[in-house]
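Work through the exercises below with the coordinates open. Try each task before reading its solution.

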Amino acid sequence: MSIGVRESIRDAFGDALVELGRKDPRVVVLDADLAESTRSAKFAKQFPARFIECGIAEQNMVGVAAGLASVGFVPFVTTFCVFASKRVYDQVSISVAYPRLNVKVCGAYTGLFTGKTGATHQAIEDLALMRAVPNMTVIEPIDAREAALAVRYAARTPGPVYLRIARDAYPVISDPAAEQACDAERDGGANGLPRFMKARTLADGDDVAIIAMGTMVHAALAARDALREKGVVPRVVAVSCLKPIDEAGIVEAAAETGAVVTVENHSIIGGLGGACAEVLGEQCPVPLKRVGIRDVFGESGSDADLARKYGLTADHIAQACLEVLATKAGRGGVGGSARIERAGACRREL
Amino acid sequence: MEQCTYLSVTQLPDVARRVRHHILSMIHASGAGHPGGSLSCVEILVTLYFREMRVSPTDPRWPDRDRFVLSKGHASATLYSVLAERGFFPVDELLTFDVIDSRLQGHVDMTKTPGVDMSTGSLGQGLSAACGMALGAKLGKQEFRVYCLLGDGESQEGQIWEAAMFAGNRALDNLTAIVDYNKVQLCGPVAQVMPLEPYTDKWRSFGWSVVEVDGHDFEQLISGFRRARETRGAPTVLVAHTVKGKGVSFMEGQAKWHSRPIADDEFERALEEIGLPQARRAFGADLLTDGAGGGKR
């Protein structure tokens, strides 16, 4: 994978499963009649005995995976995000997360971008749901390279993981060094998590921090380019691991820029925006705006049209940055001096 | 670590009496619990743990052990009592049931209690996990068998039938489900709340071998489990006809005893009815015999 080339995230996911299957005979994959779409069909073709077609019965699929995990297998459950979260919420919670079983729940087709399916197949609540489950790790890779990393990380990390996999191709922008680093940091390294699981700066800037998740980092980078022409330089921070969230990294970005815009292909309730608001509200209150789906169901349409109508374009992100800047400490916003003191305090604590 | 030790059939009723004594004591002491559905499955669990399953109380996580999933997780008092009698943890610990910091949760938790193979409590989920374990045994070419106890009311959950279809399709002949068919659920008779009949036909049509037994008759349970073990190419379900609240006349067949505390005077009357066990202690190794019994393969 070379930098900047568009690569399909779900194909990278499927290929990573195959690579994993070669290395580890304990890896099994379960799907519910969506293997072609999720790309778990790649694994099925290579390892038919370890691919378990469950039919359109996701609740049972999650329970079967729990049973397999309890006797030593490493099951990857693959289906659409909407089914991997909402349809099986109680099963994931009680049969997987409560007993901390080693099941990897993989949702494909993220947020509104699900291929002209309409609201029934658009996953706008899955991050909020999965984040609320104790013992759960929640990951959404930003590109194809990171999707492969995430699969490897999930496989070697005991316990439940929710992996959110985008349908389409995006430019590969993640750090190639992170790949080796991730493998070197086998047990999470001294700081607890491998590099790609931390909040990390993709592009420098001090005026405002755009904290973006998953494939929305690409729109965030485009927004930064647009804003630079207006003399505003945002920092773009990627968060691929929503839980456990890198609190220190988020506080650092907020303290150093004094204003935050969160960006996610998900409802503004309970996902990345919610998580950042919680962290910053407690540790480093700064002006915050959430870009995401504003508590409405989606509809059918092309990804570009959906992004325009539901507020997920680079323009929307840039606009949010300008709005949050207007209230930022030292820029004439209400309570400016108090905010300067608070941001200073966050910085001192870092 | 294998312990293929089994009791003779004549020794089982006394174990069952002691288990009923424990169940009533636990629920009485805790002031909460599920007496009806705990008392109806006593003989089933005693048969499993003292005649049928290969388990190792000194090594609860022995990889080749047979697995048991209590899908009707609210019958926790029965499983804890049987595990304690079998030697997985001290009988004295039973009275910590439901108390804060106890290893004995209201619904069973595999991360806390030695001998519990799956966490359950939200009805309908256990059979799927049992399917996964049985499939895992086949994939890993392991010999262990998997047992799963369902409630009759529980089989109103759709997931049970997803799992039934899966097990039939996968021909999981190392899986045995047992239905504690006590005919009564929380709000009343199953036949009124949501009838299941023709119940055995449902299981057969999903590809299962069906054995009907009296769920309080040890001989019938033992022979039912033997038939399940000998069946090839299909999972087996023992539809065990039972009485809710079995052994305590004023609880038998009563929906109101599904879930409620036991008052002091009710506790005394109940103990009198089940009769005092001959030996009020856990079974020691001296009473366990190297089984020519059911569990050999």
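The exercises cover domains, chains and salt bridges in a predicted model.

**Exercise 1. Domains of chain A**

Task: State where the two domains of chain A lie and how far apart their centres are.

Solution:
- Start with the bounds. Domain 1 of chain A covers 6-184, and domain 2 covers 198-349.
- Then take the centres over C-alpha atoms. They are separated by 27 Å.

**Exercise 2. The interface between the domains**

Task: Describe the contact between domain 1 of chain A and domain 2 of chain A by residues, area and polar pairs.

Solution:
- Count residues. Domain 1 of chain A brings 36 residues into contact with 38 residues of domain 2 of chain A.
- Take the area. The size of an interface is often given as the accessible area lost when the parts come together. Here the two domains of chain A bury about 2700 Å² between them. Carbon and sulfur atoms hold 59% of it.
- Look for charge pairs. Domain 1 and domain 2 of chain A share 2 salt bridges.
- Add polar contacts. Across this interface of domain 1 and domain 2 of chain A, 19 residue pairs qualify, both residues at pLDDT 80 or more.
- Assign the domain 1 side to elements. Helix 7 (126-131), strand 6 (137-139) and strand 8 (169-171) of chain A each give two or more residues to the side that touches domain 2. Helix 7 of chain A gives the largest share, 4 residues.
- Finish with composition. The domain 1 side that touches domain 2 of chain A has 20 nonpolar, 8 polar and 8 charged residues.

**Exercise 3. Chain A against chain B**

Task: Characterise the contact between chain A and chain B, then find which elements of chain A touch chain B.

Solution:
- Count residues. Chain A puts in 26 residues and chain B puts in 24 residues.
- Take the area. About 2000 Å² is buried between chain A and chain B, with 59% from carbon and sulfur atoms.
- Find the main contributors. A:Asn60, A:Val71 and A:Tyr98 supply 27% of the area that chain A buries against chain B. No other three residues supply more.
- Check the polar terms. Chain A and chain B have 0 salt bridges between them. They do have 11 residue pairs in polar contact, both at pLDDT 80 or more.
- Assign the elements. Strand 3 (51-53), helix 4 (58-70) and helix 6 (89-97) of chain A each give two or more residues to the side that touches chain B. The largest share, 9 residues, belongs to helix 4 of chain A.
- Sort by type. The chain A side that touches chain B holds 15 nonpolar, 7 polar and 4 charged residues.

**Exercise 4. Salt bridges**

Task: Give the total number of salt bridges over all chains, and explain what the pair A:Asp126 and A:Arg164 ties together.

Solution:
- Begin with the total. There are 29 salt bridges over all chains.
- Inspect the pair. The closest N and O atoms of A:Asp126 and A:Arg164 are 2.9 Å apart.
- Place both residues. A:Asp126 sits in helix 7 of chain A and A:Arg164 in strand 7 (residues 161-165) of chain A, so the salt bridge ties together parts 38 residues apart in sequence.
- Take another pair. A:Glu278 and A:Arg131 form a salt bridge through their side chains, at 3.0 Å from N to O.

**Exercise 5. The shape of chain B**

Task: Test the radius of gyration of chain B against the value for a compact globule.

Solution:
- List the elements. Chain B has 10 helices and 9 strands.
- Get the extents. The C-alpha trace of chain B spans about 50 × 45 × 35 Å along its principal axes.
- Compare. A compact globule of 297 residues would have a radius of gyration near 19 Å; chain B has 18 Å, so the two agree.

Notes: Residues numbered from 1 in each chain as written. Chains lettered and ligands numbered in written order. Predicted model: local features only at pLDDT ≥ 70, side-chain atom pairs only at ≥ 80, totals over all residues. Heavy atoms only, no water. Domains from an automatic or database assignment. Contact = heavy atoms within 4.5 Å. Buried area = accessible area lost by both parts, 1.4 Å probe. Salt bridge = Lys/Arg side-chain N within 4 Å of Asp/Glu carboxyl O. Polar contact = N/O pair within 3.5 Å; in protein donor to acceptor, adjacent residues only side chain to side chain. Nonpolar A, V, L, I, M, F, W, Y, C, P; charged D, E, K, R; others polar. Rg over C-alpha atoms; globule rule 2.2 N^0.38 Å.
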